[in-house]
Amino acid sequence: RESMRKNIYSVLLLVLSFTSCQKENPEPALPVSDNLIITALPNPGGETGVYYMQMIGDLLPSSYDNKKAIPTPFMAGPCLHGDDVYVMPGWDSQQEVVKYTRTKDGRLQKQGALPIPPKSGASVVTVQSSEKAYMSLAHIGKIMIFNPSTMAKTGEIDITEYGVSDKNPNPAAMIIRDGLLFVGLRQTGSGYYPKHHQADMLLIDTKTDKVVKLISQKEAGFSDITRAVDQRSIFMDEKGDIYVNCYGGYGAEGHKAGILRIKKDETEFDRSYALDPSSVKAEGVSEAIEAFHWLQYAGNGKMYAIANVPAYASSSDWVSSRSAIAVEVDLYQKTIRKLDLPRTSVWGSVGLHQNTIVFGLDTDKDQGFYLYNLATKEASKEAVVKTAGKPILYRHFGEKY
């Protein structure tokens, strides 16, 4: 079981952070659209394969192959900011971040590329302005500063002194609020799992780019704060409160997962708030939920997620094991409700399209994107958009969250 956890966790840590095609091969033309999807074609072992990125049409019954998609290295994924898509490199592949911009006619146009240090683990981009952005270098304990308009490096913040057991605190997802950059630290040392049972976060002044302080939350026992390849593992609600997802190594080595909060105008964790999914009796499921995978906030305290249920895991085939479910989480009331959607493997995703939650599910029946209507509370009975690959990301340009 521990070996299976490690395999699942390695994919969940890496799934999402993308690069461009090889330069000698021209990129295929993409259709006019405001919907971006990523699909994965893993090899039998699940640790190698290829990803495909493409724009699709409206969310109507349809099927998509990968003929017009951009192939990208395995274990990689994009960060979206406004109309810009930052295609991150696979952690051991081409060492550059490629920027695309969605044009007025709904196409993606390549704008430039930013070189990064070899095997630095470039993962999440957070944009402050048209002239300044930050990027986590998860493998070397640094945060790169660059100009997103010119795609040129302008600085670097060394945070290696904050590492536990090594010189790397493993910076992950970030968010900017009130002139402060909040940086989640995974603290995994040289392995997969966190090295202590607490959640750590750095606060950096965006005017000086100096560390203001390190904050920690020990009381809840959560660890492994935010995901290095999921920009939505830290987000802000309409009140200005920041929520962070702690992954806890998916239960490995005694770690716990859950949600923490930093309230508006505060620079410490809210000691009165912790959402531990393993201790919540979720509506519609009798088994315990261990952790939330992919997240999508939709307003009014409602978060939608893919949740890991250990009791559903298959020890024989972790690649196709349907061990996760789609859930609605009320962050304010600390409740969890299973949605009427089929189980999925770890290859899933959650996105938002106006009044619809878009779940990428890899089910026993099909694979593709299912729709959940926020107004009617109805879920599609099958994948509305079917894909030739496992659906690992959906993004609709222009969404608030």
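The legends below accompany an overall view and three close-up views of a predicted model. Local features are reported at pLDDT of at least 70 and side-chain atom pairs at pLDDT 80 or more, whereas totals for chains, interfaces and linings use all residues. Residues are numbered from 1 along each chain as its sequence is written, and side-chain values use heavy atoms, with hydrogens and water left out.

**View 1. The whole protein, with one helix and 28 strands.** Helices (H or I, at least four residues) and strands (E, at least two) are DSSP runs, numbered from the N terminus. The radius of gyration, 19 Å, is close to the 21 Å that the globule rule gives for 401 residues, so the protein is as compact as a globular protein of that length; the radius is taken over C-alpha atoms, and the rule is 2.2 Å times the number of residues to the power 0.38. Along the principal axes, the C-alpha atoms fill a box of roughly 50 × 50 × 40 Å. Of the 401 residues, 60% count as buried, a term that means under 20% relative accessible area, with exposed meaning over 50% and partly exposed in between (1.4 Å probe, protein chains only). Among contacts (heavy atoms within 4.5 Å) with a separation of 6 or more, 54% come from residues 24 or more positions apart.

**View 2. Surroundings of Arg322, in the loop between β21 (302–308) and β22 (324–330).** Arg322 has a relative accessible area of 17% and is therefore buried. Its side chain reaches two backbone oxygens, that of Asp362 at 3.0 Å and that of Thr363, which lies 2.9 Å from a polar side-chain atom of Arg322. Leaving aside neighbours within four places in sequence, Arg322 is in contact with Tyr312, Arg343, Thr344, Ser345, Asp362, Thr363 and Asp364.

**View 3. Met151, in the loop between β11 (142–147) and β12 (152–158).** The backbone of Met151 has a positive phi of about 55 degrees, although this residue is not a glycine. With a relative accessibility of 6%, Met151 counts as buried.

**View 4. Asp265, in the loop between β19 (258–262) and β20 (291–297).** Asp265 is not a glycine either, yet has a positive phi of about 70 degrees. Its relative accessible area is 62%, so Asp265 is exposed.

Conventions:
A polar contact is a pair of N or O atoms within 3.5 Å; within protein, one must be able to donate a hydrogen and the other to accept it, and residues adjacent in sequence count only if both atoms are side-chain atoms.
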